[in-house]
Amino acid sequence: MSESSSKLRLGPLPKTETVKLTIALTVRLKADLERYAELHAQAYGEPIEVATLIPHMLEAFMARDRGFRKSSAKGAPASRPIPESNS
């Protein structure tokens with residue numbers, strides 16, 4: 001593993017069910033996300049789209065946000081995985 005890849009917070013990404021959401025990014029943030037996607041591809045040997053990375057980055061951010069975790073512990077709704085159907 002190269003030096004730059006060993007410092008990425010996101011590891012290999014799991015397959016998940018998704019919904020589509022449209023967002024606007026600054027030009028600088030888009031460029032940073034594209035650079036991160038390139039580093040992730042180098043680290044794990046598989047190309048990845050920026051749009052695939054963003055939900056995992058947001059989940060990681062929210063999981064580490066003490067204020068959000070604290071509000072979730074006090075009964076505020078938290079995201080939960082949707083059970084898979086057996087159809």
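**Exercise 1. Which helix do the buried residues of H1 pack against?**

Solution. Before we start: this is a predicted model, in which local features need pLDDT of at least 70, side-chain atom pairs count only at pLDDT 80 or more, and totals for chains, interfaces and linings use all residues. Residues are numbered from 1 along each chain as its sequence is written, and side-chain values use heavy atoms, with hydrogens and water left out.

Step 1. Find the buried residues of H1 (under 20% relative accessible area, 1.4 Å probe, protein chains only): they are Leu33, Tyr36, Ala37, His40 and Ala43.

Step 2. Look down the axis of H1: these buried residues fall within an arc of 125° (taken from the directions from the helix axis to the C-beta atoms), so they line one face of the helix. An α-helix has 3.6 residues a turn, so residues three or four places apart point the same way.

Step 3. Look for their partner: the buried residues of H1 pack against H2, where contact means heavy atoms within 4.5 Å.

**Exercise 2. Find the buried residues of H2 and the helix they pack against.**

Solution. Step 1. Locate H2 at residues 50–64. Step 2. Pick out its buried residues, which are Val50, Leu53, Ile54, His56 and Ala60. Step 3. Follow them across to helix H1 (27–44), against which they pack.

**Exercise 3. Describe how H2 meets H3.**

Solution. Step 1. Take the angle, about 70°, with the axes 5 Å apart. Step 2. Classify it: H2 and H3 are therefore roughly perpendicular (65 to 115 degrees) to each other. Step 3. Name the residues: Met62, Ala63 and Arg64 in H2 meet Arg66, Phe68 and Arg69 in H3.

Key:
Helix = DSSP H or I, 4+ residues; strand = E, 2+ residues; numbered from the N terminus. Expected span 1.5 Å × (residues − 1). Buried < 20%, exposed > 50% of the residue type's maximum accessible area, 1.4 Å probe, protein only. Axes fitted to C-alpha atoms, helices over the stretch in contact; angles between N-to-C directions. Parallel < 35°, antiparallel > 145°, perpendicular 65-115°, else oblique.
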